[in-house]
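Good morning, and thank you for the opportunity to present. I shall go through the sheet, the helices that pack on it, the cores and the salt bridges, in that order.

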Amino acid sequence: MDNKVWLTDEQIEAIVSILTKQCDRIEDRNQKSNVEYPDLYDELYYTGRRHSDTGAVYAGFTETTEIPGMKVYRIKYGHGLWQPELHSDTAVIQLYNSGAGKILESSEIRNKCKQYNCVGSQKKYGAIQFWTSPKGHLTKAELVEFDEKGSEVNRTSLYKYNAEAIPFVA
């Protein structure tokens, strides 16, 4: 499917900006224990999570978050966990961290794909998977596309951190 059907450049920019901002704050919080960012905490997103950084990233996506042409919903899934779901006229997209390998093959994903990825559907279902460094820095984000059965059919890079090489001077 054409990437433009999924997300506009403006939407990609807004989503990556939110992911980057949240991860920068996590990294800052982790380096300076006295720094507090109240918007890194959202009670729903932290409920039942082992990795608080995922909840902190998700906290950037609330019902009041502005992404051009999209509305953010908080949805409950699995065993009482919450996550953001982004809706536009053409797409329904959920966010997952890098540890979500098995989750991306779950019955919940397959059910969403049956609902949205069938022939003639006005919207398509997909996911944005993001990776962070051990310190919380955003390193990568990809759009994951699925077919009607929930099998992954394509990945498109939305963001990749490019560390500048620092020249070694002897």
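I begin with a hairpin: strand 1 and strand 2 form it with three residues between them, and Gly-78 in the turn has a positive phi of about 55°. Helices (H or I, at least four residues) and strands (E, at least two) are taken as DSSP runs and numbered from the N terminus. Two strands count as paired if DSSP finds at least two bridges between them. Strand 1 and strand 2 are joined by seven bridges in the antiparallel sense; Tyr-73, for instance, has Glu-85 in strand 2 as its bridge partner.

Before I continue, please note that this is a predicted model, in which local features need pLDDT of at least 70 and side-chain atom pairs count only at pLDDT 80 or more, while totals for chains, interfaces and linings use all residues. Residues are numbered from 1 along each chain as its sequence is written, and side-chain values use heavy atoms, with hydrogens and water left out.

Let us turn to the whole sheet. It is open and consists of six strands in the order 1-2-3-4-5-6, with mixed pairing. Strand 1 (71-77) and strand 6 (152-160) each have a single partner strand, so they stand at the edges and one side of each is left without a neighbour in the sheet. From one strand to the next, the twist averages 30°. Strand 4 (residues 124-132) and strand 5 (residues 138-146) pair in the antiparallel sense, again over seven bridges. Here Thr-132 has Leu-138 of strand 5 as its bridge partner.

Which strands does helix 2 touch? Helix 2 (residues 9-31) packs on the sheet through strand 2 (81-87), strand 4, strand 5 and strand 6, and its direction makes about 140° with that of strand 5. Contact here means heavy atoms within 4.5 Å; axes are lines fitted to C-alpha atoms, for helices over the stretch in contact, and angles run from 0 to 180 degrees between N-to-C directions. Helix 5 (residues 107-116) lies across strand 1, strand 2, strand 3 (91-97), strand 4 and strand 5, at about 140° to strand 4.

I come now to the interior. A nonpolar core is a set of buried Ala, Val, Leu, Ile, Met, Phe, Trp, Tyr and Cys residues joined through side-chain atoms within 4.5 Å. Buried means under 20% relative accessible area, exposed over 50%, and partly exposed in between (1.4 Å probe, protein chains only). The largest core has 28 residues, of which Leu-7, Ile-15, Phe-61, Ile-67 and Ile-128 touch the most other members. Helix 2, helix 4 (52-58), strand 3, strand 4, strand 5 and strand 6 each give two or more residues to this core, and helix 2 gives the most, with eight. A second, separate core of eleven residues includes Ile-109, Tyr-116, Tyr-125 and Val-144.

Finally, the salt bridges. A salt bridge is a side-chain nitrogen of Lys or Arg within 4 Å of a carboxyl oxygen of Asp or Glu, and the whole structure has five. Lys-140 and Glu-142 form one of them, at 4.0 Å from N to O. Lys-140 is partly exposed at 26% relative accessibility, whereas Glu-142 is buried at 14%. Glu-142 also bridges to Arg-155, with the closest N and O atoms 2.7 Å apart. Because Glu-142 lies in strand 5 and Arg-155 in strand 6, this pair ties together parts that are 13 residues apart in sequence. Arg-155 in turn meets Glu-152 in a salt bridge of 2.8 Å, N to O. Through shared partners, Lys-140, Glu-142, Glu-152 and Arg-155 are joined into one network.
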